[in-house]
Structure formats: C-alpha cells, structure tokens
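Student: I should like to learn how descriptive terms are justified in a protein model. May we look at one together?

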Amino acid sequence: MPNLLSRGLFSLFFGGRRKPLASLPGPPPGILGNIGDFLGAQPWDVCARYARTYGPVAVAWLGPSPALVLNDPTLIHEVLETRRLEFEKGNIGDQIRHSVTDDTPFIAQQGEDWARKHATDPLAQPWTPAWQAAQVEPLRAAILESVEALLQQPSIDLTPTLRKLTFDAFCVATVGEKLPTSVYDDFMLLAAAADARIQAKLPLKFVSPPKGFADAKERFYGLFLDKVRAARKDPAPHRVDLMSWTLREMPQLDDGVHANLLGGFFFGGVFSSSTTLVGAFHQLNKYPATEERLALESAALGQGPLTLERLKDAPWGEAVAYEALRILPAVRIFLRRTPPTPTRLAEVTLPPGTTLMISNQHLHRDPSHWTDPETFAPERWLDGGAARNPHGSGHFFPFGRGPRACVAGDFAIVFLRTALATVSARARVHVDSTEPFEEGFFFGVVRPQGVTGKLVARQGQTLHPPTGAPPPPAVESA
C-alpha cells in the first residue's frame with residue numbers, strides 16, 4: 001500500500017479526477033496510482049484479490065488514469081453483450097496485428113467491421129457444427145499418433161509437449177494432414193513476436209520483431225495459400241477438413257482471405273486448448289479416482305471409431321473438460337475501453353478511454369455460487385450442472401461472453417473431449433508434482449510452467465473394475 005506521502009501527492013495532483021469516482025471502492029492510490037499492485041503479479045490474481053477485498057466493482061488507478069475492475073456478472077453482461085458496441089477491445093489489435101492478419105475477426109473494430117469479417121469466418125457458418133462433428137475421428141487418430149511417440153520419451157515438459165500435440169491435431173482439422181515441424185517453428189516465432197508486443201513496457205514503436213519474422217510470416221500464411229489454391233484446382237468431395245469444407249460451402253471466398261483465416265485459427269486455439277489439457281491432467285493426478293473413472297469411460301470409447309454422438313454418451317469426459325475450464329481457465333483477463341466520450345457505467349461517469357478489466361478468476365471460484373470452489377470436482381457438471389452454468393454465463397465464461405466470445409469455443413470443447421478420451425484410454429499422464437504450478441503468460445494466455453512428467457502406457461486389465469464392484473467415486477476423499 002502506498003505510504004501517506006505518496007497518497008497525499010496523488011490527491012494533490014489528481015484529486016479532481018478521483019472525485020467523480022469517489023462512490024466506488026478500491027485500493028488507495030499513491031503517486032503512481034495502483035501500478036505497484038500489478039508489478040510482479042498476474043493481472044487476473046489482482047482482479048480476484050480486488051473482488052475479495054472491495055467487492056464486485058472496484059476502481060484502480062494506472063498512474064493518473066482510472067481503471068474499472070469488474071467482477072459483477074450483471075455489469076460484465078452489460079459491457080460484453082447488451083452495450084458491447086460501445087466498448088472496444090484494449091490494445092490487442094495493435095499488439096498482435098503484425099503476427100496475424102487484418103482478415104481475422106478477432107482484432108476487428110466493433111460494429112460493421114466485425115460484422116463483415118465475422119460473416120466470412122468459416123467457424124461462424126450454419127454448417128460449422130457439421131464440420132466439427134466430422135473432426136472427432138480424424139482428431140483421435142492424430143492425437144493417438146502423437147501419444148504413441150510420447151510413450152517412448154522418459155520425461156516430458158507438458159506445456160510445450162501438449163502444445164505441439166494440439167498444433168498437429170489442429171493441422172488435421174484445418175487442412176487434413178499434419179504439417180512439417182518447420183511450420184510449427186514459424187508459428188511459434190510469430191506468436192513470440194506478438195507476445196513481446198503484448199508484454200512490452202515500452203511504446204510498441206520501440207518493439208522490434210525477432211530475426212526472421214518477415215520470412216516466417218510469408219512462409220506460414222503462404223503455405224496455407226498454396227494449399228487452398230491446390231485444393232480449389234483439385235477438389236476432393238470426401239475430405240472433411242475445414243479448408244475443403246469451406247471451398248465447397250463458400251466457393252466465392254477469396255483464396256488469400258481463406259488462407260489467412262486458416263492460419264489465424266491456430267493463434268486462436270493452440271495455446272488455450274493445450275493449456276487446458278495441462279491443467280486437466282495436473283488435476284487428475286491429484287484425484288486418482290477421478291482419473292480412473294475417465295480412463296474407464298475412455299477405454300469404452302476406444303472400441304471402434306469415435307464420433308460426436310458417442311462422445312455425447314460419455315458425460316464424464318465432458319465434466320472433466322468443463323471443470324478444467326472452470327478452475328484453471330486459459331484466458332483469464334478480458335480488456336475493454338470506454339469510448340472517446342464520457343460514459344455512464346456502474347452508476348458513475350467514466351472519462352473517455354477508461355480501461356475496463358474483466359476477469360473470470362474470481363467468478364469461476366466464487367464461493368457464493370460454487371460449492372467447494374477450490375476443489376476439482378467434475379461431478380458438479382452432471383445431472384443438469386452444465387445446463388445451469390452454460391458457456392458464457394455469469395460464473396462460467398472461459399471463452400468470453402456475448403457475440404464476441406471465442407468463435408471456436410464449441411470446437412475447443414470437441415477437441416478437449418476427444419483429446420482427454422484418446423490420451424486417457426491409451427496412457428496415464430503421470431505428473432511429477434501435484435503442487436500448484438507457477439503460471440506464466442504467453443500470447444494473452446496462461447502458461448503453466450514446470451509441469452513435468454511422462455506418459456505411461458495403460459494395461460488393459462487395469463481399466464475394468466472387479467465384477468460386481470461399483471465404479472470408483474468421482475473424487476477421492478480428503
């Protein structure tokens with residue numbers, strides 16, 4: 001907390017700015033505001049602490065500028081849904097624009113720009129659910145191939161390992177085949193360049209791209225352009241990958257735009273999906289009965305081709321995926337800014353360009369809403385639990401809320417359920433330590449650090465309980 005002198009200096013110089021927001025609680029600012037709270041701490045942890053200390057709405061000061069920290073589901077609904085056109089995303093467009101392309105709806109401006117780009121997004125079409133359903137077996141085959149290779153390794157770091165597994169599976173879903181490792185290397189270089197801009201302490205004009213950036217970007221998006229052009233010349237009606245499906249359903253889509261959207265698909269999901277898998281397997285190691293129940297269900301799914309219908313008949317895998325997204329969401333902070341005119345929100349008038357900080361960290365673990373919120377308990381999603389807390393609701397929004405929530409959220413669930421079922425049927429993911437892992441930050445997504453372990457092949461006889469015995473409990477007792 002700033003000392004008395006520092007607080008006095010803030011009041012002396014910026015007291016006039018503070019007065020209109022005096023009705024809102026928040027930490028007392030020093031001469032630099034509350035920036036010190038965010039130094040050495042993750043922003044989602046700070047937002048959660050403010051919720052516990054000051055309530056659902058708090059004002060913090062980033063130097064002389066106010067920021068509203070929202071942990072109120074009603075106000076979040078207002079900002080992200082009913083009044084969404086008033087509030088632009090933060091600086092994310094400028095930060096990642098060099099690595100993605102202007103064709104992606106993710107960085108589009110609110111209103112007409114986003115509506116136009118969203119209309120051309122293959123992930124937002126009436127046929128998208130049919131494409132998602134057709135990906136289950138190709139994803140399973142791709143993941144199983146990766147698992148077989150990982151079984152030969154004596155030790156792995158789960159975060160980069162599952163990131164590469166996810167990238168390879170996404171390649172199959174987008175273009176129907178795994179791509180060379182060099183393509184993954186280019187992807188990671190582009191992501192690292194964007195991350196450097198996201199985390200920059202200096203103005204972006206002083207942040208230089210890494211060596212080889214321009215060539216990597218040309219190769220990465222050029223590869224997808226070559227594949228789109230080749231597929232257009234030689235159509236294959238039987239192929240179910242996103243590129244082929246889009247060419248059939250949207251033949252008028254420009255090849256360059258199509259290629260850019262395919263490339264952008266990886267930035268939107270590889271980091272968040274792989275992070276969720278790391279969190280899920282880390283938690284499963286803490287609760288062996290929960291893990292065994294998933295293995296039993298997954299082993300049954302492994303008999304014959306895997307389909308979305310069969311996944312829907314296996315509720316435990318869905319419950320594990322949802323619980324991982326609740327307790328360890330990959331994306332925990334959503335930034336918005338108010339328009340260039342004074343704006344009324346939370347019963348106060350905010351100055352132009354005020355930062356709005358929205359986090360799901362506290363709401364996903366709010367004890368007034370969740371029973372035993374700190375416990376990994378997939379059974380909370382059974383018997384109507386998922387219907388009570390659907391994606392994008394007040395206390396469960398791992399993909400954001402409203403029309404601009406992650407357009408690939410439904411695909412992410414399909415991928416997560418397929419990955420959990422495929423890996424768990426073939427191997428046990430042993431984690432060296434179930435202590436809370438350190439959380440870093442990369443490309444706007446939580447990055448688990450130091451989660452090491454190995455994959456251990458499952459023996460068939462361990463996947464069946466004794467005859468007549470009840471299935472293991474969902475969560476082991478303390």
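Tutor: Three strands form an open sheet in the order β4-β12-β9, with antiparallel pairing. This is a predicted model, in which local features need pLDDT of at least 70 and side-chain atom pairs pLDDT 80 or more, while totals for chains, interfaces and linings use all residues. Residues are numbered from 1 along each chain as its sequence is written, and side-chain values use heavy atoms, leaving out hydrogens and water.

Student: What makes β4 and β9 the edge strands?

Tutor: Each of these two strands pairs on one side only. Helices (H or I, at least four residues) and strands (E, at least two) are DSSP runs numbered from the N terminus.

Student: How do you know that β4 pairs with β12?

Tutor: Two strands pair if DSSP finds at least two bridges between them. Strand β4 (residues 156-157) and strand β12 (residues 452-457) are joined by two bridges and run antiparallel, so the criterion of at least two is met. D157 has T452 in β12 as its bridge partner, and I156 stands opposite G453 in β12.

Student: How many bridges join β9 to β12?

Tutor: Strand β9 (residues 427-431) is joined to β12 by five bridges, again antiparallel. Among the partners, V429 is matched with L455 in β12.

Student: Why is α10 called roughly perpendicular to α13?

Tutor: The two helices pack at an angle of about 85°, with their axes 11 Å apart. Axes are lines fitted to C-alpha atoms, for helices over the stretch in contact, and angles run from 0 to 180 degrees between N-to-C directions. Angles under 35 degrees count as roughly parallel, over 145 as roughly antiparallel, 65 to 115 as roughly perpendicular and the rest as oblique. The angle therefore makes α10 roughly perpendicular to α13. F187, M188, L190 and A191 in α10 meet F266, F267, V270 and F271 in α13, where contact means heavy atoms within 4.5 Å.

Student: Which aromatic pairs may we examine among the 36 in the structure?

Tutor: One of them is Y184 with F187: the ring centres are 6.4 Å apart and the planes stand at 40°, so the pair is tilted. Rings of Phe, Tyr and Trp (its six-membered ring) pair if their centres lie within 6.5 Å; planes under 30 degrees apart count as stacked, over 60 as edge-to-face and the rest as tilted. Both residues lie in helix α10 (residues 181-198), three residues apart, about one turn of the helix.

Student: What makes the pair of Y287 and F376 stacked?

Tutor: The centres of Y287 and F376 are 6.3 Å apart, with 15° between the planes; planes under 30 degrees apart count as stacked, so the term applies. This pair links distant parts of the chain, 89 residues apart.

Student: Why is Y287 called buried?

Tutor: Buried means under 20% relative accessible area, exposed over 50%, and partly exposed in between (1.4 Å probe, protein chains only). Y287 has 13% relative accessibility and therefore counts as buried. F376, at 0%, counts as buried too.

Student: How do you know that C47 is buried?

Tutor: C47 has 1% relative accessibility, so it counts as buried. C47 is found in helix α3 (residues 43-54). Leaving aside residues up to four places away in sequence, C47 touches V69, N71, I333, M357 and S359.
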